[in-house]
Amino acid sequence: MANIMGTSGDDIDNLGAALVELGNNGASTERDIIQMSQGMAAAAAVVGMAESDVLGFANAFASVGIEVEAGGSSFSRVLTDMAKAAAQGGDDLETFAEVAGMSAEAFATAFAEDPADAFAAFISGLGDIQEAGGDVFTVLDELGMSDVRVSRALLSMATSGDLLTDSLELGAKAWGENTALADEAAKRY
């Protein structure tokens, strides 16, 4: 993951700290998170997503029982489609934006500034549609995301409440504090 994302040597301990913190505070293990992250890293690197965000997504996906291969490919597919829609506009951008509760222009700007937050807003919007009794399957079909793996991953995330946003926040906080790995090592020693 670090090689794909271009993580500097100085940030490896931050990556480890975020990984340990997420593993200690979620329903996934560090092994699940890092394996899922490896499948997500290439698409995330292309759109400029931070390593802590990738770890947060991997934790959330693994915590709802999405298998590594399915999670990595689903995440990459959706992220790639969002990037394409944000860059080119059109009906898909309108749909992503509407689900996320934004205008098309606002969604494109949000995606350019923080793709993880834009993705999370879309997931949250899917959850809102589901909760209101709306037809999420039609929405996913309109976006060309009716593939079983992709729809299962998105719907699992959409119905998991604040799991994704909490994972993203915890990963970013642990990255910044950079203490969880050292604390874990101290316990082992």
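Biologist: Why is E177 called partly exposed?

Modeller: In this predicted model, E177 has a relative accessibility of 45%. Partly exposed covers values between under 20%, which is buried, and over 50%, which is exposed, so E177 at 45% counts as partly exposed.

Biologist: What makes E177 and K173 a salt bridge?

Modeller: Their closest N and O atoms are 3.7 Å apart, and the cut-off is within 4 Å, so the pair qualifies. E177 and K173 are four residues apart in helix α11, about one helical turn.

Biologist: How do you know that R77 and D81 form a salt bridge?

Modeller: The N to O distance is 3.1 Å, set against a limit of within 4 Å. R77 and D81 are also four residues apart, in helix α5.

Biologist: Why is D81 called buried?

Modeller: D81 has a relative accessible area of 19%, and buried means under 20%. R77, at 32%, counts as partly exposed.

Biologist: What does the salt bridge of R152 with E67 tie together?

Modeller: R152 lies in helix α10 and E67 in the loop between α4 and α5, so the pair ties together parts that are 85 residues apart in sequence. The closest N and O atoms of R152 and E67 are 3.6 Å apart. By this rule there are three salt bridges.

Biologist: Why does F137 count as exposed?

Modeller: F137 has 55% relative accessibility, and exposed means over 50%. F137 is in helix α9.

Biologist: Why is D141, also in helix α9, called partly exposed?

Modeller: D141 has a relative accessible area of 48%, and exposed would need over 50%. D141 is one of the residues in a patch of negative charge on the surface.

Notes. Residues are numbered from 1 along each chain as its sequence is written. This is a predicted model: local features need pLDDT of at least 70, side-chain atom pairs count only at pLDDT 80 or more; totals for chains, interfaces and linings use all residues. Side-chain values use heavy atoms; hydrogens and water are left out. Patches are made of residues with over 30% relative accessible area and no salt bridge: like charges are joined within 9 Å, nonpolar side chains (Val, Leu, Ile, Met, Phe, Trp, Tyr) within 5 Å. Accessible areas come from the Shrake-Rupley method with a 1.4 Å probe; for residues, only the protein chains shown count as cover. A salt bridge is a side-chain nitrogen of Lys or Arg within 4 Å of a carboxyl oxygen of Asp or Glu. Lys and Arg count as positive and Asp and Glu as negative; His and the chain ends are not counted. The place of a charge is taken as NZ of Lys, CZ of Arg, CG of Asp or CD of Glu. Buried means under 20% relative accessible area, exposed over 50%, partly exposed in between (1.4 Å probe, protein chains only). Helices (H or I, at least four residues) and strands (E, at least two) are DSSP runs, numbered from the N terminus.
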